[in-house]
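Morning, everyone. I will go through one structure, starting with its domains and then a few backbone details.

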Amino acid sequence: MAQELNKHNAEKIQGPDAIPVQLTINGKAQAFQLEPRVTLLDALRNHSTQTGAKEVCDRATCGACTVLLDGVPVYACMLLAIEAQGREITTVEGLAPDGKLTKVQEEFIACDGLQCGYCTPGFVLTVSALLAKNPKPSETDVRKACSGNLCRCGSYPRVVEAALKAAGVATASKCEVLTNV
Ligand code: FES
Ligand code: FES
């Protein structure tokens with residue numbers, strides 16, 4: 001019995017050496033050789049050309065590494081690449097594959113919803129996922145959806161404004177939004 005259990009456990013172990021990993025990134029299947037310990041964020045940034053997801057905290061506190069997994073925002077730093085196999089991974093590059101920006105991206109630019117821009121890919125993906133699920137969100141909905149994304153430059157009022165404008169929802173002036181932060 002113990003022998004069988006040991007055999008079963010031994011068969012399930014992968015690594016520590018690199019193993020074949022198949023990821024579907026922005027609609028394209030790609031093959032990698034990765035150690036099983038490699039996070040999805042490191043796979044994207046160090047082994048593919050999709051570097052839109054940013055590494056800031058690397059410990060699930062900032063949201064700079066946000067990507068969509070089957071349309072749902074996740075922290076790519078908290079997921080192993082091998083766990084993302086068989087799922088649709090969308091990075092910010094996948095929103096405008098032909099260079100035509102989405103409404104959300106256009107409004108981030110129009111509303112000046114960024115300063116250094118390091119947090120921006122994460123916010124854009126989070127807002128895009130929100131609008132796909134809830135096309136007419138309230139300001140509160142936007143703030144809740146973005147609660148896992150931090151902006152150290154403090155661009156929140158303009159991010160919220162960009163999200164609401166992208167949804168075609170009337171917004172308060174920037175000054176009024178600012179007083180609600
Ligand atoms: S880098 Fe992943 S949450 Fe900060
Ligand atoms: S624009 Fe700089 S961290 Fe958000």
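The domain assignment splits the chain into domain 1 (2-95) and domain 2 (103-179); such bounds come from an automatic or database domain assignment. This is a predicted model, where local features need pLDDT of at least 70 and side-chain atom pairs count only at pLDDT 80 or more, while totals for chains, interfaces and linings use all residues. Residues are numbered from 1 along each chain as its sequence is written, and chains are lettered from A and ligands numbered from 1 in the order in which they are written.

The C-alpha centres of the two domains are 27 Å apart. Their contact involves 16 residues of domain 1 and 14 residues of domain 2, contact being C-beta atoms, placed from the backbone, within 7 Å. On the domain 1 side, strands E3 (66-69) and E4 (72-75) supply at least two residues each. Helices (H or I, at least four residues) and strands (E, at least two) are DSSP runs, numbered from the N terminus. E3 gives the largest share of that side, three residues.

Now the backbone. Most residues other than glycine have a negative phi, and most peptide bonds are trans. Gly15 and Pro16 are joined by a cis peptide bond, with omega about 10 degrees. Pro16 sits in the loop between helix H1 (2-12) and strand E1 (19-25).

Asp70, in the loop between E3 and E4, has a positive phi near 50 degrees. Is Asp70 buried or exposed? Asp70 is exposed because it has 11 C-beta neighbours inside 10 Å; the cut-offs are 20 or more other C-beta atoms for buried, 12 or fewer for exposed, and partly exposed in between, with C-beta atoms placed from the backbone.

Methods
Two residues are in contact if their C-beta atoms, placed from the backbone, lie within 7 Å.
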